[in-house]
Amino acid sequence: MTGYENIPELGRQLADAVSQAMTDIRPKLLRAALTGDAGESDNARHSDNFLSEHDLWMHDRYQVLLQQHLPSFVYASEEAEPQILGTDPDPDLCVLVDPLDTSELAVRGLNGYTHVLAYSRSLGRPVAAVIGDIFHHVQLYVAAYDGAEDHAFLLTATGDVHRLGNRRTRPLTDSIVTNFLMKPSERLTPLAKQHRFLEALAQPNAAGRSKGRVGVDFGSVGLCHVAAGFTDAMIEFAKGFAIWDLAPGHYVLHAAGGTVTDLDGNPLPLDYRLSHLDDIAKAMSTRRTFIAAGTAELAAELARLLIR
């Protein structure tokens with residue numbers, strides 16, 4: 001895999017674990033899609049979220065795969081309370097995991113993602129993150145810290161590695177801005193009420209063409225699409241994203257030179273305050289609204305337009 005050696009070691013380790021997890025789950029999800037047997041379960045932890053046997057299988061699988069690379073860490077998965085794995089009673093790394101994001105679509109064979117982020121409790125910042133795309137050619141988005149600076153990469157199914165950064169600047173009138181708009185009352189209706197934003201996006205550009213677009217995107221991968229330049233911004237102003245949905249993509253976009261702010265335009269910190277198990281549990285029950293953009297200028301323009 002050309003360029004794989006340029007990814008800092010922890011990023012490579014997490015990428016190996018995520019890649020293996022996706023290889024393992026892909027045929028199970030395809031079988032669920034073709035048979036119509038989604039394996040849906042009651043979600044005792046998050047009653048408004050879809051939960052399948054595949055989410056729980058990935059939760060267990062990641063414990064095994066991550067322990068092959070990391071001697072000790074706090075395992076903070078969406079599907080269970082934080083726990084310490086390994087022999088160190090107070091490990092530095094906290095590994096946040098969303099085993100199977102958009103699982104309601106994944107069991108239909110449409111879209112499926114998986115998120116892993118390693119956070120150094122001593123440094124108070126992420127040091128590696130990997131977002132896996134289960135069904136598409138672009139399979140991994142990776143960010144990692146080499147001790148001096150952060151780096152972001154894109155990896156394809158054929159083994160190509162591309163470094164992310166040096167984003168082009170587009171005006172809002174030429175931009176694709178995404179939102180997780182799938183739930184009619186919780187997400188789509190509030191978006192439809194963002195009149196200032198929608199009117200500004202629909203304005204003709206300098207060439208007199210209406211090229212602004214609203215797109216649907218999901219969890220951390222939406223921020224990764226901004227990092228890669230596939231889209232220009234992602235907004236979340238309704239319910240907010242949980243930490244396992246936001247933090248991995250936040251770190252990738254940061255490492256690629258983009259920005260993530262609150263709705264007032266203030267940059268969101270990378271310090272998620274995960275010093276103790278109680279802090280980790282509290283952070284996992286918190287949701288954040290945000291603006292993610294390839295440039296600070298576009299983020300600031302969206303902050304001016306969005307209705308709180």
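Helices are DSSP runs of H or I with at least four residues, and strands are runs of E with at least two, numbered from the N terminus. The exercises below use a predicted model.

**Exercise 1. Find the element that holds Asp245, state whether Asp245 is buried or exposed, and list its contacts beyond its sequence neighbours.**

Step 1. Locate the residue. Asp245 belongs to helix α7, which covers residues 243–255.

Step 2. Classify the accessibility. The cut-off for buried is under 20% relative accessible area. Asp245 has 12% relative accessibility, so Asp245 counts as buried.

Step 3. List the contacts. With neighbours within four places in sequence set aside, Asp245 is in contact with Asp98, Asp101, His115, Gly219 and Ser220.

Step 4. Place the helix. Helix α7 packs on a sheet and touches β5, β6, β7 (125–133), β8 (138–145) and β9 (150–156). The direction of α7 makes about 105° with that of β7.

**Exercise 2. Which residues does UniProt place under "binding site", and how are they arranged in space?**

Step 1. Read the record. The unreviewed UniProt entry gives the feature "binding site" at Glu78, Asp98, Leu100, Asp101 and Asp245.

Step 2. Set sequence against space. These positions are spread over 168 residues of sequence, yet they cluster in space, with a largest C-alpha distance of 10.4 Å.

Step 3. Take one of them, Leu100, in detail. Leu100 is part of strand β5, residues 93–101. Its relative accessibility is 2%, so Leu100 counts as buried.

Step 4. List its contacts. Outside its neighbours within four places in sequence, Leu100 is in contact with Leu29, His54, Asp55, Ala106, Tyr113 and Ile134.

**Exercise 3. Give the strand order of the open sheet of eight strands and name its edge strands.**

Step 1. Write the order. The eight strands run β4-β3-β5-β6-β7-β8-β9-β10, and the pairing is mixed.

Step 2. Find the edges. Strands β4 (83–85) and β10 (161–163) each pair on one side only, and these are the edge strands.

Step 3. State the twist. From one strand to the next the twist averages 20°.

Step 4. Check one pairing. Strand β3 (residues 73–77) pairs with β5 in the parallel sense over four bridges. Opposite Ser77 stands Val97 in β5.

**Exercise 4. Describe the open sheet of five strands and the helices α4 and α6 that pack on it.**

Step 1. Write the order. The strands follow β12-β11-β13-β15-β14, with mixed pairing.

Step 2. Find the edges. The edge strands, each pairing on one side only, are β12 (213–216) and β14.

Step 3. State the turn. Direction ignored, neighbouring strands of this sheet are turned by 20° against each other on average.

Step 4. Check one pairing. Strands β14 and β15 pair in the antiparallel sense over three bridges. Thr259 stands opposite Ala293 in β15.

Step 5. Add the helices. Helix α4 (residues 184–192) touches β11 (176–179), β12, β13 and β15, and its direction makes about 135° with that of β13. Helix α6 (residues 219–228) touches β13, β14 and β15, and its direction makes about 160° with that of β13.

**Exercise 5. How many aromatic pairs are there, and why is the pair of Tyr119 and Tyr272 tilted?**

Step 1. State the rule. Rings pair if their centres lie within 6.5 Å; planes under 30 degrees apart count as stacked, over 60 as edge-to-face and the rest as tilted.

Step 2. Give the count. By this rule there are five aromatic pairs.

Step 3. Apply the rule to the tyrosines. The ring centres of Tyr119 and Tyr272 are 6.2 Å apart and the planes stand at 45°, so this pair is tilted.

Step 4. Place both partners. Tyr119 is in strand β6 (residues 113–120), and Tyr272 is in the loop between β14 (259–261) and α8 (277–283), 153 residues apart. Both Tyr119 and Tyr272 are buried.

Step 5. Turn to the phenylalanines. Phe241 and Phe290 form an edge-to-face pair, 5.1 Å centre to centre with 70° between the planes. Phe241 lies in strand β13 (residues 233–242) and Phe290 in strand β15 (residues 287–293), so the pair ties together parts 49 residues apart in sequence.

Step 6. Check burial. Phe241 has 4% relative accessibility and so counts as buried. Phe290, at 0%, also counts as buried.

Step 7. Note the cluster. Tyr113, Phe180 and Phe218 are linked by ring pairs.

How values were computed:
Residues are numbered from 1 along each chain as its sequence is written. This is a predicted model: local features need pLDDT of at least 70, side-chain atom pairs count only at pLDDT 80 or more; totals for chains, interfaces and linings use all residues. Side-chain values use heavy atoms; hydrogens and water are left out. Rings of Phe, Tyr and Trp (its six-membered ring) pair if their centres lie within 6.5 Å; planes under 30 degrees apart count as stacked, over 60 as edge-to-face and the rest as tilted. Buried means under 20% relative accessible area, exposed over 50%, partly exposed in between (1.4 Å probe, protein chains only). UniProt positions are given in the numbering used here, feature names are shortened, and annotations may be inferred rather than shown by experiment. Contact means heavy atoms within 4.5 Å. Two strands pair if DSSP finds at least two bridges between them. Axes are lines fitted to C-alpha atoms, for helices over the stretch in contact, and angles run from 0 to 180 degrees between N-to-C directions.
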